[in-house]
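This report describes selected local features of a single protein chain. The sequence and the structure are shown first, and the description follows.

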Amino acid sequence: MNNLCRSFVLFFATIALAVEHSVAGTDAAIAHYSERAVELLRDAIGRETAYGQGLVPAYAKSLEQVFLEAGFPREAVAIVPYGETASLVVRYEGDGSSARRPILFSSHMDVVPADPEGWLRHPFELQADDAFFYGRGVLDNKFDVTILTTLFVWLKESGFIPNRDLVLAFTGDEESFQETVQQLARDYRDLVDAEYALVVDGGGGVLNDAGEAIQFQVGFAEKTYATFSMTAKNLGGHSSMPRADNAIYDLAHAIQRLEDYKFPVETNEITLTYFARTAPLLNNEVGDAMTRIVADPTDAEAIATLRAQPQYVGTLGTTCVPTMLSGGHAENALPRAVTAVINCRIFPGHTPAEIMQTLRRVTDNPNLEWRVIGVPVASPASPFNTEIMEAIASSLKPIHSALPIVPQMGSGTTDGAYWRAAGIPSYSLTGIFINPKDSFAHGLNERVPRAAVGESLRFWRAMIDELATHRSDAAQ
Ligand SMILES: [Zn+2]
């Protein structure tokens, strides 16, 4: 058992004893700032901040105005341009009494494109029914940009002074190239440097079909996203004179071998704790398989059960799958080049180069040409952080008491991966509680429960009280 694992066990054993000393805002303040948050969200959804539209800087500018009007000094707010997009960085200066480095709060202002065709409601207009708000970005991630902005305004207007600096970083291309986060980490380190980052994008509360909260997820790690191309080449020739050697056959054989290959099963403290905490909530065959893997990570039957579930297969190790094919140049010519694109989600602890080596070995054809597409960024898992976990437990108590807090390893790549790679431990969480079935992030009819506005403000206000208030003040 290494230190991280021991920390998880200790934490979950003692969570029931977590001290309750949060000073959540009054209901009246929550109601007031919820209204302001909805107005900000309405403005945000009306802006089509998808890649290539060039509309992120204007959104950043409008948010900058909100911070200035709330009383943030001019020099505390910076817009950092990057091509057609931009980031916004806001520093909430503390009194330094904790002698701790800042906490970074990270979200993104851009959204995935949305074609109004196919949406029941216009994606770039905030709409609502009794239960949900609708619109592109209403969940991912303008909701949390809005909540963090409103939270900072609330804190400032109430005269709050944190015991350490709090820094907001709203990036501008998380859904496309993720270069703005890299720019901040590399060229503006003094603006964003922090003891740790809370990535307010992903994680958060899970509701079941009855609308009951069943768990709260916190992202500690992400798999490395890496894409490779595999090309079979051939001299070609006339299709009236076929030969045994053929680039399409070569590629087809290689793909067949990839289909038959499974990367080894791997577990770590995060995935094992995730399984242990999730199994009792599922209470079915899949849950049983999770319990068995925790007891014995080599249990073949349990592995097969979990691997058959697309939502869990990625938790068990590296996955690679072909996603695109191209090749040939004429219907009556033997192909000269044929390429498959293979997308991998690499388990922490392995490099993209190592995985490409495995793919080469498995496909067993030295004549295939391999390339790495893009620049994969491998990031370490963030260490266990008792302060953050206790703050979460305490902040959740007034909203949903005794909720299991479950560490999670994401299969995508959020800005958190880049903060981690830059040496800033990052934890992904949001105050949103949602049934995964209602989560249409990146898809049609994206929605967020209306109740999430007030709950998120209450949760994050309590988190600030836990993480950035003098202990003596908090006890009053
Ligand atoms: Zn996002």
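In which sense do strand β1 and strand β2 pair, and over how many bridges? In this predicted model, strand β1 (residues 77-82) and strand β2 (residues 85-92) are antiparallel, with six bridges between them. One of the bridge partners is Ala-86 in β2, which is matched with Pro-81. The two strands make a hairpin in which two residues lie between β1 and β2. Gly-83, in the turn, has a positive phi of about 55 degrees.

A further antiparallel arrangement is an open sheet of three strands, in the order β4-β5-β19. Its edge strands are β4 (127-128) and β19 (447-449), each of which pairs on one side only. Strand β5 (residues 132-134) is joined to β4 by two bridges, and Tyr-134 of β5 is the bridge partner of Gln-127. In general, the strands of a sheet pair through backbone hydrogen bonds, in a parallel or an antiparallel manner.

The strands considered in this report include the following.

| Strand | Residues | Detail |
|---|---|---|
| β1 | 77-82 | six bridges to β2 |
| β5 | 132-134 | two bridges to β4 |
| β8 | 204-207 | holds Gly-204 |
| β17 | 426-428 | holds Ser-428 |

Two buried strand residues can be described through their surroundings. Gly-204 belongs to strand β8 and counts as buried because its relative accessibility is 1%, whereas the cut-off for burial is under 20%. Beyond its neighbours within four places in sequence, Gly-204 is in contact with Gln-215, Phe-216, Gln-217, Leu-429, Thr-430 and Ile-432. The C-alpha atom of Gly-204 is separated by 9.2 Å from that of Ile-405, although the two residues are 201 residues apart along the chain.

Ser-428, in strand β17, has a relative accessibility of 6% and is therefore also classed as buried. When residues up to four places away in sequence are not counted, Ser-428 touches Val-199, Asp-201, Gly-202, Gly-203, Gln-217, Val-218, Gly-219 and Arg-420. Gln-217 is thus listed among the contacts of Ser-428 and among those of Gly-204.

Helix α13 (residues 386-396) is mostly covered, with eight of its 11 residues buried. These are Ile-388, Met-389, Ala-391, Ile-392, Ala-393, Ser-394, Ser-395 and Leu-396. At the start of α13, the backbone nitrogen of Glu-387 lies within 3.1 Å of a side-chain oxygen of Asn-385.

The second largest pocket encloses about 410 Å³ of space. It is lined by 19 residues, of which Tyr-261, Lys-262, Thr-319, Cys-320 and Val-321 are the closest to its centre. The elements that give two or more residues to this lining are α7 (247-260), β12 (319-327) and β14 (337-346). Which element gives the most to the lining of the second largest pocket? That element is β12, with four residues. By residue class, the lining of the second largest pocket consists of 11 nonpolar, four polar and four charged residues.

The loop between β14 and α12 (352-363) contains His-350. The side chains of His-350 and Glu-266 are joined by a polar contact of 2.8 Å. With neighbours within four places in sequence left aside, the contacts of His-350 are Glu-266, Thr-318 and Ile-355.

Conventions:
Residues are numbered from 1 along each chain as its sequence is written. This is a predicted model: local features need pLDDT of at least 70, side-chain atom pairs count only at pLDDT 80 or more; totals for chains, interfaces and linings use all residues. Side-chain values use heavy atoms; hydrogens and water are left out. Buried means under 20% relative accessible area, exposed over 50%, partly exposed in between (1.4 Å probe, protein chains only). Contact means heavy atoms within 4.5 Å. A polar contact is a pair of N or O atoms within 3.5 Å; within protein, one must be able to donate a hydrogen and the other to accept it, and residues adjacent in sequence count only if both atoms are side-chain atoms. On a 1 Å grid over the protein atoms alone, a cavity is a set of points where a 1.4 Å probe fits but cannot get out, and a pocket is an open set with protein on both sides within 12 Å along at least five of seven lines; lining residues have an atom within 4 Å of a point. Grid points are joined across faces, edges and corners, and a volume is the space filled by probe spheres set on the points. Ala, Val, Leu, Ile, Met, Phe, Trp, Tyr, Cys and Pro count as nonpolar, Asp, Glu, Lys and Arg as charged, and the others, Gly among them, as polar. Two strands pair if DSSP finds at least two bridges between them.
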